[in-house]
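Colleague: I'd like a close look at one salt-bridged spot in this model, and then a walk outward from there. Here is what I have open.

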Amino acid sequence: MSSAGEGLSRPLPEQVRLNVVDLAAQVLGSMPAAIVPPPLRGIARFDPRKRAKLGSAPIAAQLESDKEFREAVAESVAAGWPELVAALAEGNVPPAADPVLVAAAAYLARPPGWAEMVEMARADLEQSAVAAEGSAQEQQVVRLREQLAGAKTAAKEESDRLREQLKTARAENSDLRRKLHEARERAKAAEQRVSAVEQAAVEVKTAATAAGSAGEAELRRVRERLSDVEKQLEASRRAAREGRSIEDARIRVLLDALQDASAGLRRELALPTTISRPADSVAAVSPGAPGVRGVPARALADDDPQLLDQLLALPQVHLIIDGYNVTKTGYGNFTLADQRARLMTGLGGLVAQTRVEVTVVFDGAELNSPVQVVAPRGVRVLFSAPGEIADDVIRQLVRAEPPGRAIAVVSSDREVAESVRRMGARPVPSALILRRLGRV
């Protein structure tokens, strides 16, 4: 707010300006609407608490430029503080009066010398501000000194406490270092013991593995022998119930072989025309039931095409066939049922031509129910029991035959071939029987 044309060299002090605006805002709210200055009519409708704050600048400008409005506000001041306004009109400033109120009344009433009165009030306000600031600074200095003294005391106490903690920490650190050294020594000794134990464990594990492997092999052999014994016992019991023995069957087979070699011996011994076969004594799951033995070694190689023809020409030869080994070699793209049917068809013609005893063994360990197989006349069909494989049944069939009988085992399985060869049977590759069946 400038008063350059009326004797003020500087704007009103801020406290005075706020007081003047507040007084004018109060007067503005009580003035009839008709005499309210047009620039302030919108502000006059404001809430009394917001009028001085929101209309500060327009009110101050109107006071500066509108003499009538200023005089209306001065009348309100004269009505409120008549002694102060009267003293100012006489050129006297009450010494105990508030400088802000003196400057505001002088500015609004404009008595003679009002500009000097405003400046005097400004000087009083500045002096009061300086004094208040100095007092505040002194109080601040006192507070800071008190805080400094408290901080020094606290710092000394904290320093003493930290020294004590440092002393304790050093002692604990020394103790921890000693314990760490001892722990490292114990850990080193423990690592050495662990290394020794691990080495010993490796050696024991190696020995145990070797012993376990040997034990498992021996256990398998014992189980195999036990299984054979149990099955032979069962076959013996069944034969005993039927009024005959396995040994009688073996003797009769040997006699039949001699009968084919010498017709005179047959007539002399008067053996019956039909006899039980030793293979019938082997227990298996059949369309039938489960059962293995020997052909003398010939000069022919195992893969010689003439080998099978020579074997089939032997008297009373028993031809044992590893069923799926043959069918999967010859026609593995067929279903298992079609493989079995095709093999049965071929073997039916072979038996009709040669009159040899033929036993076919299929792997039945994974069968959920008995398999229907139409076996030709003269062909015995066996399936291995659950938990057993066809190879085991083949070996049982070979063991069931009497020593000296001609036995040919058809299988390309090397393990089967080697095992039956050791038992006296002659192994024949599956390719030879397939070639022979192709001529039937």
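In which helix do Arg178 and Glu182 both lie, and how many residues apart are they?

Modeller: One caveat up front: this is a predicted model. Now to your pair. Arg178 and Glu182 both sit in helix α8, 4 residues apart, which is about one turn of the helix. They form a salt bridge, and the closest N and O atoms are 3.2 Å apart. Arg178 has a relative accessible area of 43%, so it counts as partly exposed. Glu182 is partly exposed too, at 33% relative accessibility. The pair also belongs to a network of salt bridges that links Asp175, Arg178, Lys179 and Glu182. As background, side chains of opposite charge can pair when their charged atoms come close. Over the whole structure, a search turns up 15 salt bridges.

Two others are worth a look. Arg399 forms a salt bridge with Glu224, with 3.1 Å between the closest N and O atoms. Arg399 is partly exposed, its relative accessible area being 24%, and Glu224 is partly exposed as well, at 32%. Then there is Arg395, which forms a salt bridge with Glu415; here the closest N and O atoms are 3.8 Å apart. That pair ties together distant parts of the chain, since Arg395 is in helix α14 and Glu415 is in helix α15, 20 residues apart. The two ends sit in contrasting surroundings: Arg395 has a relative accessible area of 9%, under the 20% limit, so it is buried, whereas Glu415 counts as exposed at 56%.

The burial of Arg395 goes with the helix around it. Helix α14 (residues 390–399) is mostly covered, with 8 of its 10 residues buried. Along with Arg395, the buried residues of α14 include Ala390, Asp391, Val393 and Ile394, and further on Gln396, Leu397 and Val398. As for α15 (residues 414–422), this helix lies across β4 and β5, running at about 155° to β5.

That brings us to the sheet. It is an open sheet of 5 strands in the order β3-β2-β1-β4-β5, with parallel pairing. At the edges stand β3 (379–383) and β5 (426–428); each has a single partner strand, so one side of each is left without a neighbour in the sheet. From one strand to the next the twist averages 20°. If you want to check a particular pairing, try β1 (residues 318–322) with β4 (residues 407–410): they pair in the parallel sense over 4 bridges, and Ile320 stands opposite Val409 in β4. Another helix to display here is α12 (residues 323–331), which lies across β1, β2 (357–362), β3 and β4 and runs at about 65° to β1.

Now back to α8, for another reason. The largest nonpolar core has 41 residues, and α8 (114–241) is one of the elements that give two or more residues to this core, including α1 (14–30), α4 (56–65) and α5 (67–80) as well. The residues with the most contacts inside that core are Val16, Leu28, Ile59, Leu63, Phe69, Val73 and Leu108. The top contributor is α7, which gives 9 residues. In general, nonpolar side chains of soluble globular proteins tend to be buried together.

Leu63 makes a handy viewpoint. Leaving aside neighbours within four places in sequence, Leu63 is in contact with Val20, Ala24, Phe69, Arg70, Val73, Tyr107 and Leu108. Apart from this core lies another one, of 34 residues, among them Ile321, Leu347, Phe383 and Leu434.

As for α7 itself, that helix is mostly covered: 10 of its 11 residues are buried. Among them are Pro99, Val100, Leu101 and Val102, as well as Tyr107 and Leu108. Just after α7, Arg110 takes a positive phi of about 55°.

One last residue for contrast is Arg45, found in the loop between α2 and α3 (48–54). Arg45 has a relative accessible area of 69%, so it counts as exposed. Measuring with C-alpha to C-alpha, Arg45 and Ala33 are 9.6 Å apart in space and 12 residues apart in sequence.

Methods. Residues numbered from 1 in each chain as written. Predicted model: local features only at pLDDT ≥ 70, side-chain atom pairs only at ≥ 80, totals over all residues. Heavy atoms only, no water. Core = buried A, V, L, I, M, F, W, Y, C linked by side-chain atoms within 4.5 Å. Buried < 20%, exposed > 50% of the residue type's maximum accessible area, 1.4 Å probe, protein only. Contact = heavy atoms within 4.5 Å. Pairing = 2+ DSSP bridges. Axes fitted to C-alpha atoms, helices over the stretch in contact; angles between N-to-C directions. Salt bridge = Lys/Arg side-chain N within 4 Å of Asp/Glu carboxyl O.
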